[in-house]
Amino acid sequence: MPLGRRVAASDDLEVSAYLEIAQGIEAEAPGSSRQVNEGIAVIDFGSQYSHLIARRVRELKVYSEIANPSDTWEKALVHQLGGTVTRGTKQEFGHATLHQDSPSAGWGLPGGRPPLFHELPPSFQVWMSHGDRVEMLPAGFSSLAFTENSPVAAIGNGRDMFGLQFHPEVNHTPLGTEILENFLFRICGCEGSWTPGNVASDAIARIREQVGDGSVICALSGGVDSAVTAALLHRAIGDQLTCIFVNNGLLRLEEAERVQATFRRGMGLNLSYVDASERFVTRLAGVTDPETKRKVIGEEFIRVFEEAATGLGEVEFLAQGTLYPDVIESEAPANAPAGSALSARIKTHHNVGGLPENMKLQLVEPLRYLFKDEVRDVGLELGLPPDMVYRQPFPGPGLAIRVIGEVTLEKLEMLRACDWIVIDEIKGADLYDRVWQSFAVLSDSRTVGVQGDYRTYGYVCAIRCVTSEDAMTADWVRLPYEVLARISSRIVNEVPGVNRVVYDITSKPPGTIEWE
């Protein structure tokens, strides 16, 4: 990937996430029909911070994308240029004070200050997370900053290459945004003109170019991702679009009716409803492995859409609301050896890795390289109602991955009832719009209980409520005790078969938002 020379490496200087600038080169930004002449590639060598770096760059209105190490240099910055990195005797995790070294000549700024630290104080707080240290710098490089435990915490070559030991992308580095701004705008010369709002008009043009006069069916779920996808397609090709809403039997209580009403009346879409609930639940009989569930559901969706398309004449394209986090979590780098530090597949999303190889329809995915909050911005740009845009995410495989173990009709009905209570109480406490997701999970564990004078042996329901920006990381919500108490009391009293409620207080990482 010939992306130019200006490089910054962050995270340990050994196994790192690179930022490279595509400068003066016309490159097609995914999700865009126009040729852009700037963009940042974050080369992911396995750092847990790589995706956060990409997000921070986008927030500064510069397009950014995750790339594999095979696309560019194969080693990290210090090793590549002949320096030495070794395991340090002291680890450095958490807050540290960074001290700039004496000004070096050749940077082209007053006093010789490197542009990366332009207008920053001589010492400031940063966030460290490493156990290595630089023993010998590459030829032509000098140290730019140090901390108590890291004699070399930032390096530069006097021109256009930098390396950082700390993390400017996290909130715990208060001046991190200023450092990223200096890199993007002072060093790389980016203009900062990329916004999700631009994507709306660009995606419409791209859809028209890809589809031409062809017919498209759009997989509509009722969530914001598929809603924005449908709105883009409707704006781009009008009556060439038919939206198909499949009731897979894995939806929440009364959801099938609400979705049809919203999209037929509210958006005026040509909507076809398919009730395939029995078909999906039958296919899932006996399936307990989460990955197998996702693949079964993904394949069955495609088969349903293909069959539905036969009654619509000649249909060539299938549109779906695939997002960037779906792609990131579903796809491991093609060159990643077993047990390597490169980012691994977390789970197969039904709309990415769960798709059958012998598909008859070509995919149209205008949101494939956007994060959830960016999709919401596009939705607002298109004029979608806020209650639709800010609806909490719901997984494509639906309740199948919130029923732990085998999916049965009995378990689905129990979970639907539990989930309804959770959402009802969260909305009643005015918390729905303040959290990322809130839902119930029906575990495959059963416990002894007592109700009245009788022994019960029922299922355990887990409550999950998290905050997040993009679903790549998440933290559990400290719900008020009175809200938890009401949820628990209602579930054990209103849902037959459930006699115990627990609250999941696991962040992501190490857990994921969904249980499967």
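Setting aside neighbours within four places in sequence, arginine 58 is in contact with Tyr63, Ser64, Trp194, Tyr324, Tyr369, Leu370, Phe371 and Glu374. That is what turns up in this model, which is a predicted one. Arginine 58 sits in helix α1, made of residues 50-59. Its relative accessible area is 5%, and because buried means under 20%, arginine 58 counts as buried. One of its partners deserves a second look: the side chains of arginine 58 and glutamate 374 are joined by a polar contact of 2.7 Å. There is also a distance to report for isoleucine 40, which is 18 residues away from arginine 58 along the chain; the C-alpha atoms of these two are separated by 9.0 Å.

Stepping back to the whole protein chain, there are 13 helices and 20 strands to keep track of. The chain has 516 residues, and 56% of them are buried. Its accessible surface comes to about 22,100 Å², with 48% of that belonging to carbon and sulfur atoms. As for how the chain meets itself, take the contacts with a separation of 6 or more: residues 24 or more positions apart account for 72% of them.

Now for helix α6, which runs over residues 255-266. A quick check on its length works out nicely: at 1.5 Å a residue, its twelve residues should span 16 Å, and the C-alpha atoms at its ends are indeed 16 Å apart, so the two values agree. Which residues of α6 are buried? They are Glu255, Ala256, Val259, Gln260 and Phe263. These cover an arc of only 130 degrees around the axis, so they end up on the same side of α6. The face turned away from that buried side carries the exposed residues Glu257, Arg265 and Gly266. And what covers the buried ones? The cover includes the strands β12 (216-220), β13 (241-247) and β14 (271-275), along with the helices α5 (224-237) and α11 (386-389). Just after α6, glycine 268 takes a positive phi of about 70 degrees.

Glutamate 255, a member of α6, is worth a moment of its own. With a relative accessibility of 1%, glutamate 255 counts as buried, because the cut-off is under 20%. Leaving out neighbours within four places in sequence, glutamate 255 is in contact with Arg391 and Phe394.

Arg391 shows up again in the contacts of serine 221. Beyond neighbours within four places in sequence, serine 221 is in contact with Ser226, Phe245, Val259 and Arg391. Val259 is one of the buried residues of α6. Serine 221 itself has its place in the loop between β12 and α5. Is serine 221 buried or partly exposed? Its relative accessible area is 42%, so serine 221 is partly exposed, since that class lies between 20% and 50%.

Glycine 223 is likewise found in the loop between β12 and α5. Here the relative accessible area is 16%, which means that glycine 223 is buried. The two loop residues also come together: the backbone nitrogen of glycine 223 lies 3.2 Å from a polar atom of the serine 221 side chain. Finally, the unreviewed UniProt entry has a "binding site" annotation that covers Ser221, Gly222, Gly223, Val224, Asp225, Ser226 and Ala227.

Definitions and conventions: Residues numbered from 1 in each chain as written. Predicted model: local features only at pLDDT ≥ 70, side-chain atom pairs only at ≥ 80, totals over all residues. Heavy atoms only, no water. Helix = DSSP H or I, 4+ residues; strand = E, 2+ residues; numbered from the N terminus. Expected span 1.5 Å × (residues − 1). Buried < 20%, exposed > 50% of the residue type's maximum accessible area, 1.4 Å probe, protein only. Arc of directions from axis to C-beta. Contact = heavy atoms within 4.5 Å. Areas by Shrake-Rupley, 256 points an atom, 1.4 Å probe, with all protein chains shown as cover. UniProt positions renumbered as here; feature names shortened; annotations may be inferred. Polar contact = N/O pair within 3.5 Å; in protein donor to acceptor, adjacent residues only side chain to side chain.
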